[in-house]
Amino acid sequence: MSEPGQDPPRRLRLLGLHHLTAICADLQRTTAFYRDVLGLALVLEGVNDDDPDARHFWFGDAHGTAGTLVSFMEYPELAEGHTGRGTVHHFAFAVSSAEELDAWGDYLRSREVQCTDVLHRGGLRSIYLRDPDGHLVEIATAAP
């Protein structure tokens with residue numbers, strides 16, 4: 001309980017992910033993949049607030065809703081990344097059913113995007129693929 005005249009104690013609580021940001025070499029190629037293949041909306045094109053020389057594109061649902069967003073900053077001159085401590089292993093998109101997950105695998109292969117067969121991961125069923133810059137992308141649904 002707070003003393004009279006003092007603000008009540010602040011509750012600190014994370015609500016979930018707002019967005020994830022990755023680095024790419026070519027935003028045109030990245031847009032062709034995330035918008036044209038995966039179907040995410042390109043919700044914002046601009047420059048990075050911290051580095052005005054870097055282009056920064058945001059993809060997500062049509063409204064740019066927090067939690068649906070993945071953004072990319074373009075740095076064509078950077079060397080290839082290496083997996084290790086301090087890097088992200090992969091990021092995952094959710095789909096609503098096992099049937100939809102199967103359909104994604106068929107669709108991706110029809111677009112000549114290599115992906116795994118459906119893998120059973122405890123409480124998840126998933127497929128994995130790589131984007132044009134080599135980021136590991138998972139598409140997942142809850143296991144039945």
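This short talk walks through a four-stranded sheet and two helices in a predicted model.

Before the details, two remarks on the source. Residues are numbered from 1 along each chain as its sequence is written, and side-chain values use heavy atoms, with hydrogens and water left out. Because the model is predicted, local features need pLDDT of at least 70 and side-chain atom pairs count only at pLDDT 80 or more, whereas totals for chains, interfaces and linings use all residues.

Let me begin with the sheet, which is open, has four strands in the order β1-β4-β3-β2, and shows mixed pairing; here strands are DSSP runs of E with at least two residues, helices are runs of H or I with at least four, both numbered from the N terminus, and two strands pair if DSSP finds at least two bridges between them. The edges are formed by β1 (19-24) and β2 (41-47), each of which pairs on one side only, and the twist averages 20° from one strand to the next, with axes fitted as lines to C-alpha atoms, for helices over the stretch in contact, and angles running from 0 to 180 degrees between N-to-C directions.

Helix α1 (residues 27-37) packs on this sheet, touching β1, β2, β3 and β4, and its direction makes about 0° with that of β3; contact means heavy atoms within 4.5 Å.

Now to β4 and its two neighbours. Six bridges join β4 to β1, and these strands run parallel, with A22 standing opposite F72 in β4. Strand β3 (residues 55-60) is joined to β4 (residues 69-74) by four bridges, and here the strands run antiparallel; F59 has V70 as its bridge partner in β4. How many of the residues of β4 are buried? Six of its six are, where buried means under 20% relative accessible area, exposed over 50%, and partly exposed in between, with a 1.4 Å probe and protein chains only. L69, S71 and M73 point one way from the strand, while V70, F72 and E74 point the other way.

Finally, helix α2 (residues 98-110) has 13 residues and reaches 19 Å from its first C-alpha to its last, close to the 18 Å expected, that expectation being 1.5 Å times one less than the number of residues. Its buried residues are A98, L101, W104, G105 and L108. They lie on the same side of α2 because they cover an arc of only 110° around the axis, taken from the directions from the helix axis to the C-beta atoms. The buried residues of α2 pack against α1, β7 (124-130) and β8 (136-142), whereas E99, D106 and S110, on the other side, are exposed. After α2 comes E112, whose phi is positive, near 60°.
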